[in-house]
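Visitor: Please show me the model, and then let us go through its architecture by question and answer.

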Amino acid sequence: MKVSAPSPDTRYFEVQDLVQSQGLHTICEEARCPNIAECWGRGTATFQILGDVCTRACRYCFVKSGRPSEPPDELEPSRLAHAAREMGLEHVVVTSVDRDDLPDRGAAHYAATIRALKEELPNASVEVLTPDFLGIEEEALATVLGEQPDVFNHNIETVRRLHRRMRGAKVEYERALWLLERAKQLATYDVLTKSGIIVGLGETNDEVLETMQDLRAHDVDVVTIGQYLQPSPKHAPIDRWVHPDEFRMFREQGEEMGFGSVFSGPLVRSSYRADEQKHAARAVAY
Ligand code: SF4
C-alpha cells in the first residue's frame with residue numbers, strides 16, 4: 001500500500017491551518033488515518049467533536065482513551081461550521097469520541113453541530129458518524145435525527161464473533177444493527193444509513209459477508225470495508241492482509257445484496273471520499 005505525502009501543491013496546508021486556527025479536532029489526525037495527504041489535499045477532512053478523549057478503548061483504535069475532563073465546548077459547532085464554509089465543503093462529515101460520561105452521551109452537541117452547519121452551509125449535505133449512545137439510544141437518535149442529517153453512519157467495525165474481544169463488554173453487535181435500523185425508522189425524511197467494517201482483525205471472508213448481510217437486513221444503504229493497520233504495538237496485531245481481489249469480491253457481493261454503494265479496498269475508511277459514497281448511493285436510489 002502506498003500513500004502520498006502532504007504536498008504544498010495541494011490544499012493540505014490550508015486545511016491544516018483552518019483546523020488549527022479554529023481549535024478543532026479531526027479523526028484524520030487522531031486516528032492516524034493513512035489517507036490524510038489525499039483527503040486534506042483535496043480540501044476535505046472529517047471533524048471530530050466532543051473532545052479528543054474517548055470513554056471506550058477499542059483494541060484497534062488510536063484515539064486517546066480515558067475520562068474526559070471537559071464538558072462539550074459550546075462554541076465548537078460554530079467554529080466547525082465556519083471552517084467547513086471556508087473549506088467550501090459540499091458534504092461535511094462529523095464524528096466524535098464516545099462520551100459515556102455525559103448524560104445525553106453528546107447527542108445535543110451533535111444536534112447543535114448539524115444546526116450550525118445547516119445555517120452556515122445551507123446547500124451542503126451533512127453526514128454524522130455517531131457512537132452508540134449507550135443506554136439512551138432512542139432519545140439520542142431522536143435528538144440527532146431531529147436536525148435531519150443527510151447520512152446517519154454508525155460503524156459495526158467487526159464481525160459478530162470478534163465484537164466483544166475487539167470493542168469491550170459494553171458494545172454489542174446486535175445493538176449496532178438495531179441502532180442503524182432504528183435510525184431509518186425514526187427519521188421523518190429520506191435518510192441514508194451507512195456502516196463500516198474493518199478487515200484484518202481475525203475474521204474470515206464468510207464472516208465479513210455475513211456481517212454485510214446483517215447490515216442489509218437492517219436496511220443499511222452504504223457499506224465501507226477497509227484493511228486494519230495496527231496503529232501502535234499496544235493495539236491488536238494485524239491478522240491478515242486482505243488481497244485486492246477479496247476486496248473486489250466484497251464489493252461485487254455487496255452490490256448483489258442491494259447496497260446503494262459499497263466502497264471496499266485496502267485504504268478505504270468510513271469517511272473516505274464520503275461525498276462520492278453518498279452520490280453513488282443516491283444515484284442507485286433514484
Ligand atoms: S479517510 Fe476519512 S479520516 Fe481518513 S483522512 Fe480521509 S476524511 Fe480523514
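Visitor: How many helices and strands are there in the protein, and how does its radius of gyration stand against the globule rule?
Guide: This is a predicted model, in which local features need pLDDT of at least 70, side-chain atom pairs count only at pLDDT 80 or more, and totals for chains, interfaces and linings use all residues. Residues are numbered from 1 along each chain as its sequence is written. With helices (H or I, at least four residues) and strands (E, at least two) taken as DSSP runs numbered from the N terminus, the protein has 11 helices and eight strands. The radius of gyration, taken over C-alpha atoms, is compared with a globule rule of 2.2 Å times the number of residues to the power 0.38, and the protein is as compact as a globular protein of 286 residues, because its value of 18 Å is close to the rule's 19 Å.

Visitor: Which strands are the edge strands of the open sheet?
Guide: Strands pair if DSSP finds at least two bridges between them, and the eight strands of this open sheet follow the order 1-2-3-4-5-6-7-8 with mixed pairing. Pairing on one side only marks the edge strands, strand 1 (25-26) and strand 8 (261-264).

Visitor: In strand 3, which residue stands opposite Q48?
Guide: Strand 2 (residues 46-49) pairs with strand 3 (residues 91-96) in the parallel sense, over four bridges. The residue of strand 3 opposite Q48 is T95.

Visitor: Which elements give two or more residues to the shell around the ligand?
Guide: A residue counts as near the ligand if its C-beta atom, placed from the backbone, lies within 6 Å of it, and the residues around the ligand include I27, C28, I36, C39 and R269. The elements giving two or more residues to this shell are helix 2 (27-30) and helix 3 (36-41).
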